[in-house]
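Here is a friendly walk through a structure you may not have met before. Have the sequence and the 3D view open as you read.

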Amino acid sequence: MLAPGFADPVHDAQGTFRAVMDALARPGQPRPLVPGLAPPAPLTPELAAVALTLTDADTPVWLDAALAAVPDVAAYLRFHTGAPLTDDPARAAFALVREPARCPPLRRFAPGTPAYPDTSTTLVLALDSLIPGEGLHLSGPGIRGAARVAPEPVPADFVAQLAENRADFPLGVDLILTAPGRVAGLPRSTVVTEG
């Protein structure tokens with residue numbers, strides 16, 4: 001049986017949208033996100049909420065190996081969003097990543113084009129924890145002075161990948177980081193260094 005989507009689709013999607021946009025506008029500052037969803041595992045409620053809010057029939061979605069291995073996840077996303085699934089990360093408008101430590105290199109995703117940088121992939125990562133005030137050092141637009149956040153787990157070369165991603169700004173991918181009850185943003189404009 002297919003798991004239900006939002007109990008109140010309009011208001012729940014609006015709340016999720018506000019949380020995600022606020023998180024992207026203020027990088028590294030986690031925002032509350034309590035979606036009230038019970039999607040098929042290993043899809044987390046937070047990943048599901050972002051997908052149900054931001055994807056539709058015009059936004060191809062790429063699933064990492066953990067999510068792609070479970071047919072119920074694809075069925076859930078297709079039913080509730082209408083989004084087509086793609087096996088090619090470079091064709092994805094959104095990438096849902098359940099195992100961030102095993103995420104393909106960011107350069108494999110669409111960076112956008114000079115004329116349309118907004119056609120890049122937005123990666124949505126399901127983390128185990130997202131702790132503000134420690135870990136990575138963030139600076140750039142939307143951050144007064146500096147911010148710190150500790151996302152876990154991430155690839156060993158995460159900071160180097162983010163630096164490479166930012167090097168061709170305004171091209172590059174954006175990241176939405178989710179953890180139980182939280183969401184934070186790492187847009188391509190953010191400078192990230194080791195803490």
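Helix 2 lies across strand 4, strand 5, strand 8 and strand 9, and its direction makes about 135° with strand 8. Keep in mind that this is a predicted model. How many of the 10 residues of helix 2 are buried? Nine of them are, so the helix is largely enclosed by the rest of the structure. Among those buried residues are E46, L47, A48 and V50.

Helix 2 has a helical partner, too. Two packed helices are described by the angle between their axes and the distance between the axes. Here the axes of helix 2 and helix 4 come within 9 Å and cross at roughly 35°, and the crossing is right-handed. On the helix 2 side, A48, A51 and L52 make the contact, while helix 4 brings Y76, L77, H80 and T81. Sort the residues of this contact by type and you get five nonpolar, two polar and no charged.

Now for the inside. In soluble globular proteins, nonpolar side chains tend to be buried together. The largest nonpolar core in this model has 30 residues, and L43, Y76, L77 and L96 have the most contacts inside it. Helix 1 (9–25), helix 2 (45–54), strand 2 (61–63), helix 4, strand 4 (94–97) and strand 5 (122–126) each put in at least two residues. Which element gives the most to this core? That would be helix 2, with seven residues. Take L43 as one example: setting aside its neighbours within four places in sequence, L43 touches A48, L67, V73, Y76, L77 and L96. There is also a second, separate core of 26 residues, and A95, V97, L130 and A179 are among its members.

Not everything in helix 4 is tucked away. F79 sits in helix 4 (residues 71–81), and is F79 buried or exposed? F79 counts as exposed, because its relative accessibility is 60%. The C-alpha atoms of F79 and P4 are separated by 9.8 Å, with their positions 75 residues apart along the chain.

On to the sheets, set side by side here.

| Sheet | Strand order | Pairing | Source of the entry |
|---|---|---|---|
| Open, seven strands | 1-9-8-5-4-2-3 | mixed | model |
| Open, three strands | 7-6-10 | antiparallel | model |

In the seven-stranded sheet, strand 1 (31–32) and strand 3 (85–86) are the edges, each pairing on one side only. Strand 8 (residues 174–179) and strand 9 (residues 182–186) run antiparallel and are joined by five bridges. One pair to look up is A179 with its bridge partner R182 in strand 9. Helix 1 lies across strand 1, strand 8 and strand 9, at about 40° to strand 9.

What about the sheet of three strands? Its edges are strand 7 (147–152) and strand 10 (191–193), each pairing on one side only, and the twist averages 60° from one strand to the next. Seven bridges join strand 6 (residues 129–139) to strand 7, and these two run antiparallel. P132 stands opposite V149 in strand 7. Helix 5 (residues 158–167) packs on this sheet and touches strand 6, strand 7 and strand 10, with its direction at about 155° to that of strand 10.

Key. Residues numbered from 1 in each chain as written. Predicted model: local features only at pLDDT ≥ 70, side-chain atom pairs only at ≥ 80, totals over all residues. Heavy atoms only, no water. Buried < 20%, exposed > 50% of the residue type's maximum accessible area, 1.4 Å probe, protein only. Core = buried A, V, L, I, M, F, W, Y, C linked by side-chain atoms within 4.5 Å. Helix = DSSP H or I, 4+ residues; strand = E, 2+ residues; numbered from the N terminus. Contact = heavy atoms within 4.5 Å. Axes fitted to C-alpha atoms, helices over the stretch in contact; angles between N-to-C directions. Left-handed = near helix turned anticlockwise from the far one by under 90°. Nonpolar A, V, L, I, M, F, W, Y, C, P; charged D, E, K, R; others polar. Pairing = 2+ DSSP bridges.
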